[in-house]
Structure formats: C-alpha cells, structure tokens
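Colleague: Could you walk me through this model and tell me what stands behind the terms you use?

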Amino acid sequence: MSMKSYINDIWEAVTTTAKGMRITARYGIDVKEEVTIQYPEQRGPVFERFRGFLSNDVKTCISCNMCVKICPVDCISLEAVRGADKKMVLVSYDINIGRCMYCGLCVEVCPPKSLVHTGGFEKSMLGRDEMVLHFIREDAEVIRQRVARQVAEAAAKAAEEARVAESQPKPAAPPASAPEPEKK
Amino acid sequence: MEQLTALIIQKVPALAVAPWAVTLLLIGIVAFIILQFAMVFAGFGTYLERKIAADIQGRIGPNRVGPIGLLQFLADGVKLILKEDIIPTAADNHLFRMAPYLIFTGSFAAFVVVPFGFSLIAADLNIGIYYVMAVTSLVSIGVLLAGWASNNKWSMLGGMRAAAQIVSYEIPVGMALIPAVLVAGSLSTQDIIRSQGGFLGIFGWNLFHNPFSFFSFFLYMVAALAETNRTPFDIPEAESELVSGYNTEYSGIRFGFFFMAEYADVFVVSALATACFLGGWQIPFFNAASLPAVWANLLSLGVFMAKALALVCVIIWIRWTLPRLRVDQLMRMSWKYMVPLTFFNFLGVSLWVLIFKGKGIPQLIASIFG
C-alpha cells in the first residue's frame, strides 16, 4: 500500500462521511413531506367504493330476502311477517360481521338500495357472539305480536265493512283468528 | 470533598466527633446525585435518539406517553423493571448475574471525574484522564463475561468481538486525549479545562490550539464511538447479524443495566471530548471565577451540558447516517489508520509544545498584535 493510496483512503472516508451526514442532516432539519398519518387523531380519506361494515336502513328495506339468498357465507339472516297493509314487516335483521367477507354481493343485489357498505372498519368486541349486528333493536316477539294485532284489527275492520256493505243482518262474525306469522 | 467536610464541621461543631461519617454521607449523596443523573440521562438519551432517528427517517418518533412523548423513557423503564428476569438454564449463573453490574460500574465510575461545572466535580483526581481510561476498561471485561456466561453462540461472538474492538480502540482513544494533557501539563480534567480559558474565548480551546490537536478531536470522536460500541462500530451488538450480541439472553432489569451503561458511556465520551477539546465549562470571553459561587457553578454547568449534549446529538446523528463496518474493516481502521495517525498527532503536539513553549496558534497571533 503506497503512501498515496493511504492518504487517499483517509480523504475518501472523511469526505464520504461528511456527504452522508449532510444528507441526513438535511432530512432531519428540513422535513419535506409528512408521510405518517397519526391514525386515531388524523384519518386518511375513506374512498367512495370502500367496502366497510354493512349497514341496512330498515325503514326502506322491503324484506325481499335477496341479500340472504346471495350471501356466499350466510352471514345475513332476516325474519319478516306480512303486515296489515300486505307489506312485509321486518322482525329481525342480523348481520354476522365475523363471517362477512365484504364481497359486496348483497349490496349489489338489494332492490331498494337500503343495504350499503359504510366506511367503518373499526370495531372491537370481547366475544364472538358480539360480532352479530342487530339492526332492529326491538324484541322480535314484541313486533310479531304487534303485527298480529294490527292484522287482526284490520281483518276485523274489513269484516265489519263487508257486513255493512252487504247490509244483511247476520249474526256477529266470529273474531278472525290471528294469521300465523309468515316465515321466510 | 475535604473542604466541604471541613465547612460542615465548622458550621455544625457537634459533627466533629465523627468527621469520617460526614465524609461518608457526602460521598453517598454525591454518588446518589450522579447515579440519578446517569439514569435520567440514559432515559433522556433514548428519547433523544429516537426523536433524532425519526427526524432523519421522516417519521415522528415517540409521541404517545406524555407531551410529545417526553415520558416515554419512564414507561420503558417501568416496563424493564417489571419484566421477568430470565436466566437461561445452561448459562453460568454467577457470571451471568455479575456481567451487567461490571459493565454499569465501569461506565458509571467514569462519572467521578466528569467536570460538570466550575467546582462541580465528584472528585478532581490528579490522574483524571488516566482514571477514565482505566475504569472504562472494566466494560470490556463485563461484555466478554456477558457473552461467555450466556452460553449462546451469538452472545459469545458478540463478546469476543467487543473485547477485540474495545482493546484495539483503547490505544487511539488514549493517544487522542494526550494532546490535551500535553497542552495543560496535567491529567486532571479540571486543570485541562482551566488551561483553555482566558481572553481568547473559543480560540482558547484545545481544538484550535494547533493543527494536531484539531485533528486529535476528530480522531478521539471516531475512536470513542468505537469504544462505546455505537454504530458504525457496533459489531459487538450488530442486531442484524448477531441478534444484538452479548445482551441477547438478558431481559428485565439486567438488560436495563446494559442499556443505561451504553448511554452513560455516550455521555462520558461526549463529556471528555468537551472537557479536553471544547473548553469544558469555560464560558467564552467570561471568567466564571469572578461570579458568586452559586451562579458560577450554575452557568458553567449550563455551558458544559450544552456542549456535551451537542456532542451527544452528533454521535446519534452519526449512528443514523453510517452503515456498520465489517470486522476486518474495523480492525484495519484501528491498527492501520487510527493508531498511526494518533501517534503522529501525539508526536506533532509534543514538538509543538516544545518549540512554541506551549502556546497555541491563537495565542501566537495574539502576541504578534500585542
């Protein structure tokens, strides 16, 4: 090793170290862009077609059962009875998000577009049974009884009207028995 | 220490029956204060290191615990204390237990001669620099012990590497500090700092004394980086090849001791560089002795800490800039470059001191202009 290459080595070590340190100092002092998002405080944008948790607007839902039928993993279950005005009334609408694979088929198939993907993706629970989202808060039995009562009242009213229209005195019609809740 | 003892006995004559007890108590108090300082600095050092690393890498760094993450080190410390202290069955029990204490003692004992301020020094030993060199060698024994006792191939390799590295770099470290000793004519750190005062301000520093002492400072910083096992010379820990080397098998508070020793070492190195080359606690263009004792001490403490912490930041900055050297490169650097260069510097400074009667370039220039 000649003296020249020896000094050259030292010179190279010093200059390259200085160069590297200049670069890191520049990055350290003058931060050009902030890449990290401080997640719980700051949030990135949720994109339009992001498939988050499912949400059903039970007011517009027509209980057509399409979502239940198309779901590949059977995570949606609904129960409905026929109401007094011949429309279906939801008794319960549950989505098991533990099973859901966010394929979006149910959203595509929903005729009134009441079932949608929200932007939500944060949830924590202590047990697996808590993973079922209940979209109808009321107890199923209460709704069933109420609907049955409404149906019975409507039937009684119809019978009364029919009797008046015919204007034929007849013995009082026996009270219409409550129709069985239609299970689907 | 003796003066302080005499002062206390003078104030409270009842203590005169047992002056040794007063001395012992004073020693205990001083040691406790310095231990606290070392521990807080170790915590603060980790915070500083992580923040600087984050800045350099375009991240944010610790920001969860406390305001801007300032209490992170407390959380880390509590975690380390609460963790299970695992000793591998195949490990050499006694040596395994002893190693962290040896390492921590080695780094911590060096604080004795760190001149924090005008008269803030635990003991102004007349062999100050020599004492630091001697006592920090204990660290290499501890590291070797930790590597051997762990009964783990990575630890063993790390310990061997550490011993080779620390022994190699002791020579350049010692040799690079000699210029300051030669200029001051004393090994005591306080004497070295006092020799750098005067009317010249920062040009009174040994850094600007002559060209050789200027290079000496950089040689010292490079060699000291290697002695403290920090990147780019961290081959004993080398987390990517040796799974953090000699402290692989350690957990809990024993690992905490290694950790504290590392940061204590970094501070000692910076403090020594400050004292020997950057004028220590000397306030530029100002004579600390002319102030009341309390203010002189506080001011000089502030100046010293500012200089030392700046050097700590530089050490951290280097760590996040340079990649790790290979073992052979490290050895070549020590024996082929550092040792000859420091000896050359040593010779140069000796001749300079001999020829110019101990006057530095700034002093010579000043003497030309009267």
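Modeller: Happily; we can take the sheet and then the cores.
This is a predicted model, where local features need pLDDT of at least 70, side-chain atom pairs count only at pLDDT 80 or more, and totals for chains, interfaces and linings use all residues. Residues are numbered from 1 along each chain as its sequence is written, with chains lettered from A and ligands numbered from 1 in the order in which they are written.

Colleague: What makes strand 2 and strand 3 of chain A a pair?

Modeller: Pairing requires that DSSP finds at least two bridges between two strands, strands being DSSP runs of E with at least two residues, numbered from the N terminus. Strand 2 and strand 3 (residues 88–96) of chain A have seven bridges in the antiparallel sense, so they count as paired. Within this pair, A:Glu79 stands opposite A:Ser92.

Colleague: Why are strand 2 and strand 5 of chain A at the edges?

Modeller: The open sheet has three strands in the order 2-3-5. Strand 2 (76–82) and strand 5 (132–134) of chain A each have a single partner strand, so one side of each lacks a neighbour in the sheet.

Colleague: What makes the 94 residues a nonpolar core?

Modeller: Such a core is a set of buried Ala, Val, Leu, Ile, Met, Phe, Trp, Tyr and Cys residues joined through C-beta atoms within 7 Å; buried means that 20 or more other C-beta atoms, placed from the backbone, lie within 10 Å of a residue's own. The 94 residues form the largest one, in which B:Ala223, B:Ala264 and B:Ala273 touch the most other members.

Colleague: Why does this core lie between two domains?

Modeller: Domain 1 (1–82) and domain 2 (86–368) of chain B, with bounds from an automatic or database domain assignment, both give residues to this core, so it lies between them.

Key. Helices (H or I, at least four residues) and strands (E, at least two) are DSSP runs, numbered from the N terminus. A residue is buried if 20 or more other C-beta atoms lie within 10 Å of its own, exposed if 12 or fewer, and partly exposed in between; C-beta atoms are placed from the backbone.
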